[in-house]
Amino acid sequence: MKKKLFITRKFPAHIVEPLKENYDIKQWEEEEIVIPREKLLAAVADCEVLWVTIADQVDEELLLHAPNLKLVTNLAVGYNNIDVKALRKRGIMATNTPGVLTNTTADLVWGLLLATARRIPESERYLREGKWKSWYPMQLVGKDVSGSTIGIIGMGRIGQAVARRAKGFDMKILYNNRRRRHEAEEMYGFQYVSLEDLLKQSDFVVIMTPFNNDTVGLIGAEKLALMKDDAVLINASRGGIIDENALYDTLKNGKLWAAGLDVFEQEPIALDHPLLTLPNVVALPHIGSASLQTRTAMLMLNVKELTAYGQGKAVTNRID
């Protein structure tokens, strides 16, 4: 008898089709629109396997509506949308997509960093709005990246990939992490420092730490006050790590050069959010892993796990 699988988003047909051999599949038939909560709760009533995106909250409420659930497959490497403790308590497995999006996300971090430092989106708006009337010496001047100091908060796979790219810009590389990366220090010259020293010394601060109870609100008014007035703050990890109100106040008061943000506390971010009123904020719609090759690889990694479970085999990439 086939296992019942519910998919919370419309994925490409050629990705889903092979799963029909092992699963009775139902799927939310919208690609761009998140499934409404009440429809999701109704859909999980009889499913054994649930395939979700980061927009779907798998929490106590959902689990109460899903008595037959045995596996949750998450189309992301981060899993702050999943209550892992609640799943563990019920013996439900969960998987994610580590590894395959490392380089793509690191590339995006660098695109965001360069765009922020050199005021690229602001300059394009300047041109398109017809403000470019002549050339003058201090016109849209930005910050040099080469030879500066970068501080990376969170030295996991993506953090290390960001740091390796920084070597090509002749940057001094500081990092803070729950545990030292001695091998990377020896191989690349990365320097471990306290979070406070990292914030004080860095020209560019890049947040790459996971979102959890220890990192929620990690960068608030107190931490922002430690940073240089001409520093740049980049976040391509998860929203909620930065106190957005404190960041707005800091930028508004000229106590930071700029911020580049791919993630926000509430996504999509409201168009009337104060941060979007500031010209020195570069804001992106959570596109860290958004290359065709990487998104396809993420989907296929999920398919691999789902196929294994459907065939009664062990799954890998389990969230512990």
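In this predicted model, seven strands come together in an open sheet, arranged in the order E8-E7-E6-E9-E10-E11-E12 with parallel pairing. The edges are taken by strand E8 (191-192) and strand E12 (281-283), each of which has a single partner strand, so one side of each is left without a neighbour in the sheet. Further inside the order, E6 is followed by E9, and this pair is worth a closer look. Strand E6, residues 149-153, and strand E9, residues 204-207, are joined in the parallel sense over four bridges. Within this pairing, isoleucine 152 has valine 206 of E9 as its bridge partner. Helix H7, formed by residues 157-167, packs on the sheet and touches both E6 and strand E7 (172-176). The direction of H7 makes about 170 degrees with that of E6.

The annotation offers a helpful frame for this part of the chain. An unreviewed UniProt entry lists residues 111-288 under "domain: D-isomer specific 2-hydroxyacid dehydrogenase NAD-binding". In the model, this span is 30% helix and 15% strand, and the C-alpha atoms at its two ends lie 10 Å apart.

Attention can now turn to the internal spaces. The structure contains two cavities of 30 Å³ or more. The largest has a volume of about 60 Å³, and its lining is made up of Lys4, Leu5, Phe6, Asp24, Lys26, Ala43, Asp46 and Cys47. Two elements, strand E1 (3-7) and strand E2 (23-27), each give two or more residues to this lining. E1 provides the largest share, with three residues. In terms of residue class, the lining of the largest cavity is divided between four nonpolar and four charged residues, with no polar ones.

The second largest cavity has a volume of about 40 Å³. Its lining consists of Asn235, Arg238, Gly239, Gly240, Ile241, Ile242, Glu244, Leu247, Leu261 and Val263. Here the classes are five nonpolar, three polar and two charged residues. Polar residues are thus present in the lining of the second largest cavity, whereas the lining of the largest cavity has none. Charged residues appear in both linings, four in that of the largest cavity and two in that of the second largest.

Technical notes
Residues are numbered from 1 along each chain as its sequence is written. This is a predicted model: local features need pLDDT of at least 70, side-chain atom pairs count only at pLDDT 80 or more; totals for chains, interfaces and linings use all residues. Side-chain values use heavy atoms; hydrogens and water are left out. UniProt positions are given in the numbering used here, feature names are shortened, and annotations may be inferred rather than shown by experiment. On a 1 Å grid over the protein atoms alone, a cavity is a set of points where a 1.4 Å probe fits but cannot get out, and a pocket is an open set with protein on both sides within 12 Å along at least five of seven lines; lining residues have an atom within 4 Å of a point. Grid points are joined across faces, edges and corners, and a volume is the space filled by probe spheres set on the points. Ala, Val, Leu, Ile, Met, Phe, Trp, Tyr, Cys and Pro count as nonpolar, Asp, Glu, Lys and Arg as charged, and the others, Gly among them, as polar. Two strands pair if DSSP finds at least two bridges between them. Contact means heavy atoms within 4.5 Å. Axes are lines fitted to C-alpha atoms, for helices over the stretch in contact, and angles run from 0 to 180 degrees between N-to-C directions.
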